[in-house]
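This report concerns a molecular structure and is intended for a reader who has not met it before. Please look over the sequence and the model below before reading on.

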Amino acid sequence: MVLDQGLPEPPAESPLSELGEIVVPLEELVDEELELGEIVVPLEELVDEEPQASEDALEQQVEDSVNKKSFGSRLAKAKSAMSGYVTSIRNSEVNESIWEQLEEALILADVGMAATSSVLDRLKKTAKDEKITKGPELLEALKAQMKSDLDVDRTLELNCEGIPVWLFVGVNGVGKTTTIGKLGQSLAIQGHSVVMAAGDTFRAAAAEQLETWADRCGAHFVRGQEGADPSSVIFDAIISAEKRDADVVLADTAGRLQNKVNLMEELAKVRRVADRKPGSVAEVFLVIDATTGQNGLTQAREFALSVDVTGVVLTKLDGSAKGGIVFAIEKEMGLPVKLVGLGEGIDDLVPFESEEFVETLFSN
Amino acid sequence: MFESLSDRFDGIFGRLKGKGRLSQGDVEDAMREIRVALLEADVNFTVVRDFVERVKIRCLGSDIAQSLTPGQQVIKVVNEELKAILGGETLKITFAASPPTVILMAGLQGSGKTTSSVKLARWFKSQGRNPLLVGADLQRPAAVEQLRTLADRIDVPVYSDSIGPLAVVQRGLEQAKTLGRDVLIVDTAGRLAVDTELMDEIASISDAIEPDYTFLVIDAMTGQDAVNTAEIFHGTLELDGIILTKLDGDARGGAALSVKEVVGRPIAFASTGENLEDFDQFHPERMAERILGMGDILTLIEKAEEVFEKEEAEVAAQRLLDGTFTLDDFVDQLRQVRKMGNLSGLMAMMPGIPKEMKNAEIDERDVNRVEAIVLAMTPSERVEPALIDSSRRARIARGSGTSTAQVSNLLNQFKEMRKMMKGMAGFGTKKTAKSRKDKKSKKGKKGPGGGRVQAKPAVAAPKFDIGKLDLTLPGLDKNS
């Protein structure tokens, strides 16, 4: 099930309701390399193992979309940033040139100078300690190290006092509105009732764009006049969600560059108002375009300061197979990437999977 | 967060004082710093490698000019090379012999094609042309709606229909001919370079309308991938230039440099703000300085020049020099400066401002407070602040929601500034007076040479005013 990482119980008619999210002891599910006591397994992994649970058409639809949209396979059409390097590294011994190649590869994936240096310093230590001499072993050690760096909780939060509000923020053109559209669809398929708030009152026709998405997935849609106060639009949406007993409010905001002080203050206000009863801000998603370079780190830093970001949505990853900047963002800022956009279709928004992300980064 | 490159160089070369030539080791150190600076600015890796190699050779060969420190010497070489890469001249648009001149806009999703299309239309309009916009982005919901809304604001017509992008573009071309519009700007859907189907589509659009100019719209925040994207678009469409968007952010925009280097086409236009007039032809020399983190004083001056009503600025400058500058003028200037963007952004653009000051949060509320205080004064108090005694001060504080200490603080700063300006009057009066006279007597059309000379003093006035602002901004004085 595409997005059901930690969502509250779906409605009773869903055959999956008794599953929700299950805590499974490690040894039953995961290979022994991981050293966790127990892990929370997202629903979709269980669905694959228990196909007999499915009979309902809705369930089938969801499962289809899961099978169809495996993270790694979806990235296949874009050439990996590092493919050339990976082949060469696999065929060489551990020497000075292999370190240079690794550095180049990581920088080309937008991991950034600072994060690249720290990754490679640690890898050098590992290589020395474990006496790694061959390229392929070094590559595996690097992957393992990056995976363990990215091993964080990515649960989507819907449990809170009041009407949960998911706020979408970011610079211009990253895909906030489109992300809300796709997410609304996924949540609707899972049986949640969704209210969309057109909090982007600045960009021409932004509300119309979101309304089109709302119509497609049957979400209730709330908008204001162009130029209206975004806080009030979102608050109206929360009130309306309360009346309809909706499960979540997806609130769009206007794109803004993080160095515009006034606009960042406006955003902080939006968050404060959305957090007022009966609303409760459960997630603040920073939407980042996967082709973003080092400025992504500045974006994360500034937006986190203004609105206390809880997670990152990485969009347009199908175009570049990169997004190395999220590595720096997770490492430096501790902000988990929760969702990934892999295309223009309505079901092209999937949970982030760090293992697959790292594998894809180094595939050839 | 970025230490400016010149600061770092000064550190590296500090010990070199008095040496006449840079050694291999000195240059290697500097090149490492340059490499990091360029990579942090998102310049493409391979472009950086070649670039550093070229700069290294030039630096090792050259004698250090008497007037420059070794650090400055390297910066000079780097700067020249960067400018050479970015393209020496701004793109000159030549118009098609039989109108319309057709312009095709292409790019990734979210790079800013729709907004740039309208901004470009506005630019052509300001050049005396009559553009028609074509909305061929039938993919993104409400994209055409967005185009229409924006185009309405600048009073430029839009053609679109839901008959498929190719047909829309073809009919758009016919429309332009029928309506006698001399520039046709085609906004297309965003597409990924790896999406062959959509790339084929835009290729067929291009074949159908044979554009005079094809522009690739690129977001200034783009990372290493910019080069691949540009190469593929160039391979498909044969680009004529790049439009760089979102330059008003704090990204260094190294992608611009990479794209120019790899594709060999100039950056034609740059978009520097959300307003439709924040768009102009690109000036490579300034971008070089931005990528290196050396501030953007030229752009700042020009921006100031645009925003300040020239007459007003001249009057204010004159009053400053005469010592008759009032608090009203002061608030006016504050508002003018604010029109240019937020203050922190402005400070960041100025070289020579101490780092602590750049990093200091300039609270817009401080500026609002100054405004409130002045507005709470009577007109006569604004002209002659000496009138303000303690009871008046208390009234002003109450009226503006501030404390008497804040009022006193502002008055003191204003007094100091006026005193200082009076002291400087001897240096500037003549020149300014002359320029004003020039302006009056030469209002009509003049030869291009005369116009240029005349422009210079007008630049000087706003620059002067910005300097003044730094002296008086509350909250800053403690840090400076």
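The text below turns to the enclosed cavities and then to one residue of chain A.

**Cavities**

The structure is a predicted model. Its cavities of 30 Å³ or more number 7, and the largest of them has a volume of about 160 Å³. A total of 22 residues line this largest cavity. Nearest its centre lie D289(A) and T291(A) from one chain, together with L108(B), D219(B) and T222(B) from the other.

Two elements of chain B, the strand β5 (213–219) and the helix α9 (226–237), each contribute at least two residues to the lining of the largest cavity. The greatest contribution comes from β5(B), which supplies 4 residues. The table gives the lining by residue class.

| Class in the lining of the largest cavity | Number of residues |
|---|---|
| Nonpolar | 8 residues |
| Polar | 10 residues |
| Charged | 4 residues |

**Residue E344(A)**

In chain A, the loop that runs between β9 (337–341) and β10 (349–351) holds E344(A). The relative accessible area of E344(A) is 37%, so this residue counts as partly exposed, a class that spans the values between under 20% for buried and over 50% for exposed.

Which residues does E344(A) contact, leaving aside its neighbours within four places in sequence? In chain A these are K182(A) and W213(A), and in chain B they are Q109(B), Q139(B) and G190(B). E344(A) also lies 8.4 Å from T178(A), C-alpha to C-alpha, although 166 residues separate the two in sequence.

Note on methods
Residues are numbered from 1 along each chain as its sequence is written. Chains are lettered from A and ligands numbered from 1 in the order in which they are written. This is a predicted model: local features need pLDDT of at least 70, side-chain atom pairs count only at pLDDT 80 or more; totals for chains, interfaces and linings use all residues. Side-chain values use heavy atoms; hydrogens and water are left out. On a 1 Å grid over the protein atoms alone, a cavity is a set of points where a 1.4 Å probe fits but cannot get out, and a pocket is an open set with protein on both sides within 12 Å along at least five of seven lines; lining residues have an atom within 4 Å of a point. Grid points are joined across faces, edges and corners, and a volume is the space filled by probe spheres set on the points. Ala, Val, Leu, Ile, Met, Phe, Trp, Tyr, Cys and Pro count as nonpolar, Asp, Glu, Lys and Arg as charged, and the others, Gly among them, as polar. Buried means under 20% relative accessible area, exposed over 50%, partly exposed in between (1.4 Å probe, protein chains only). Contact means heavy atoms within 4.5 Å.
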